[in-house]
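Trainee: I'm new to this one. Please give me a close look at one part, the places where the chains meet, and fill in whatever background I need along the way.

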Amino acid sequence: MSLSPYVPIVGLFALAAAFALFSVAAAPLTGPRRYNRAKLDAYECGIEPTPQAAGGGKFPVKFYLTAMLFIVFDIEIIFLYPWAVSFNALGLFGFVEMVLFIGTVFVAYAYVWRRGGLDWD
Amino acid sequence: MNLAESPKLEDFGHDVWWIILIKVVGIFAFLVVMTLFTIWYERKVVGRMQHRPGPNRVGPIGLLQSLADGLKLAFKEDIMPKLADKAVFFIAPVISTVCAFTAFSIMPLGGMVSIFGERTPLQLTDLPVAVLLVLACGGLGIYGIVLGGWASGSTYPLLGGLRSAAQMISYEVAMGLSIVAVFMTAGSMSTSEIVAAQANGSQQEIFGSTVTLPGWYFLMLLPSFLIYFISAVGETNRAPFDLPEAESELVGGFHTEYSSLKFALFFLAEYINMVTVSALCTTLFLGGWRAPAPITTWWAGANEGWWPLLWFTVKVLILLFVFVWLRGTLPRLRYDQFMRFGWKVLVPINLVWILLVAGVRVAANADNTVRYAIYGGFAVLLVGIIMFWPAKKQVEPASIAPEKLPEGSFPIPPMDLVVPPSPRTKRIEHAAAAPSATPEQGE
Amino acid sequence: MTVTDILLLALGAVAAGSALRVVTTTHIVRAGLWLVVALGAMAACYLVLTAELVAWVQVLIYVGAVVVLLLFATMLTRAPIGPSPELDRARFPAALIGLGSGGGLAALFIFGYRWGKAELAAPGTAGVLGKEIFSGWVLPFEVLSILLLAALVGAIVVSRGERS
């Protein structure tokens, strides 16, 4: 494998980055600038903004659990891809392996489900 | 069908530098024009669905409306909120935009063409793991949103950004699982090879008889296609899954504090992402750039030269129409419904479907004992699913008692908030009670 | 020096530099961002070494999932905008431990390989890797599923425990 198929990707990446950086940098120059204290405050539908909770506030632990679940399934997916691509060569043995793997992860999934980890209230 | 026109993986990476340059600029221009067009198209279609004409002032049938809007944004004040983290606030829209553009680099727009005498595939580039690049760019795009929301130093964007990130990672799982069946059938993760694999119907042995299956995967792998499309809508934060920017709850979501060109970049990234997921859907399930079946029987040259670009664009626009259609039809889901749908419906269906496809493929090539064992296994699985189907839980009616919240949470107004009567109602009631008395002033 | 060498050196420098920023910056969320850069540079190193699938897996899993989890975890507790001065402490022992373990690893590598040359294996395409994993490394693969199970159960226990 050579890296040459990646050159166009880097090209598109560079063009997009140049365009985005230029736009972001140009924005203060093209627009007007009229100072107003209220304008620079946090927007809360026109009322006086509530002071930021210390440290940006706390969030439900659900988000953490979702991210954890995401990692586990992401790893499962990552193993499914090479398995799927070489599926025809692997045959029955590969199928049995994957049934066991998905089965075990499914146990974890069922456990999370039963413990209410998938419920958002 | 002419398979010789279909590029192989070895055809990529040999372009001269100026061909690469032309292609890069071409893809960039294609995406920007598609974005401008899609915004107009969406407003026009939604307008028609609501018996309105939609934009029709700027340019012929309003076609230049989105260009005018974009230019106007450039001349708006660029606001940097006082509490913002300046550097991150600055970099977040750049991350979103760059990821959105880069994801499109492996989309096959056509077969072999000649540009100024050079024979080259009508595709920027291709990799053996091309689809992973799109998924990775989608994953990186989350950072633009969650950092944009966090760096604004404001409550609504923070909540919107976090919601958005949780939503995108949940639906990324469903999306990632839905394309496994495609890889299995095509035997490759390269986009050009997946398109080539759909060119002809494959011979498949089902229950002992040989059947020629239709080439496009959306027929053969219908559940995968449906799950992919549903999760694509969730992944791009579009209605009915547009919770991160639920106007009634979060003003504008993660980009509430953004204005001017920074806002335009987020907008651009959102629409490019829509085009990208539609293009990937076309590539994986709708035969890519190949002309639909009836056209190829009448006209043999439909897949040659630059024509594929037309078929590709038409397919993408049809999918984008579905996006707009959904937006015009369905109300927004609640967050808990949305997450439940993603994790409790899409993911298990996906896993069972993958095993089913794999099992059928193994059974087709195996001897009878193994075949009966696999079908028996499926039967057991089916019975198991029916037996353990989660019973509907008794939902207790919503109470209006104030919730117990941990220290440091955001305040929530009481649910039984009674709006005090307006001065006018009071005055009228007062007048009705004592008709002779003069109404009091300034109540 | 070939192009590959130069690319590897440059990417290694980016990875090391941004990793240093991860531990020296006092902005907690920006530390996460620097971690993204460091892990991304690592992915690019894999790519240069022709391990294409591993490179994209690195991006998908580490950059796209693990750092998101870290960001969520910081936002769950506290992620203030601006520097957090109390993050910046005990630099000297940390530097010592870091240098020590880094130097130890480097010495181990140099001792192990000297200046010998290793031929690059066949490109790590999905097909090749799939056949390798699912025929030669079956047991680790199945054990991994148990690990994932344990991780999820742990996450549930941790998150539920906080509530009660």
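**Where the chains meet**

Mentor: Let's start in chain C, where the C-alpha centres of domain 1 and domain 2 lie 23 Å apart. Domain 1 covers 3-121 and domain 2 covers 125-164, with bounds from an automatic or database domain assignment. Bear in mind that this is a predicted model, where local features need pLDDT of at least 70, side-chain atom pairs count only at pLDDT 80 or more, and totals for chains, interfaces and linings use all residues. Residues are numbered from 1 along each chain as its sequence is written, while chains are lettered from A and ligands numbered from 1 in the order in which they are written.

Now for chain C against chain B. Helix α4 of chain B (residues 130-151) and helix α3 of chain C (residues 52-77) have axes that come within 9 Å and cross at roughly 25°. (Helices are DSSP runs of H or I, at least four residues, and strands are runs of E, at least two, numbered from the N terminus; axes are lines fitted to C-alpha atoms, for helices over the stretch in contact, with angles from 0 to 180 degrees between N-to-C directions.) Because of that angle, α4(B) is roughly parallel to α3(C), a label for angles under 35 degrees. Among the residues that meet there are Leu132(B), Ala136(B), Gly139(B) and Val146(B) on one side, and Trp56(C), Val63(C), Gly64(C) and Leu71(C) on the other. Sorted by class, this contact has 13 nonpolar, two polar and no charged residues. (Ala, Val, Leu, Ile, Met, Phe, Trp, Tyr, Cys and Pro count as nonpolar, Asp, Glu, Lys and Arg as charged, and the others, Gly among them, as polar.)

Chain C also meets chain A: 41 residues of chain C are in contact with 38 residues of chain A, where contact needs C-beta atoms, placed from the backbone, within 7 Å. On the chain C side, α3, α5 (126-136) and α6 (138-163) each give two or more residues, and α6(C) gives the most, with 15 residues. That side has 30 nonpolar, five polar and six charged residues.

Next, chain B against chain A. Here 69 residues from chain B and 62 residues from chain A take part. Several chain B helices supply at least two residues each, including α1 (17-49), α5 (155-178) and α11 (260-285), but the largest share, twelve residues, comes from α14(B). The class count for the chain B side is 40 nonpolar, 17 polar and twelve charged residues.

You can zoom in on one chain B residue as well. Phe75(B) sits in the loop between α2 (65-74) and α3 (86-103) of chain B, and it touches Thr30(A) and Gly31(A), leaving aside residues up to four places away in sequence. Phe75(B) counts as exposed because 12 other C-beta atoms lie within 10 Å. (The cut-offs are 12 or fewer for exposed, 20 or more for buried, and partly exposed in between.)

Finally, some background on these two partners. Chain B has 16 helices and four strands, and its C-alpha atoms fill a box of roughly 95 × 60 × 45 Å along the principal axes. Of its 443 residues, 49% are buried. Chain A has four helices and zero strands, and 41% of its 121 residues count as buried.

Methods:
Parallel < 35°, antiparallel > 145°, perpendicular 65-115°, else oblique. Contact = placed C-beta atoms within 7 Å.
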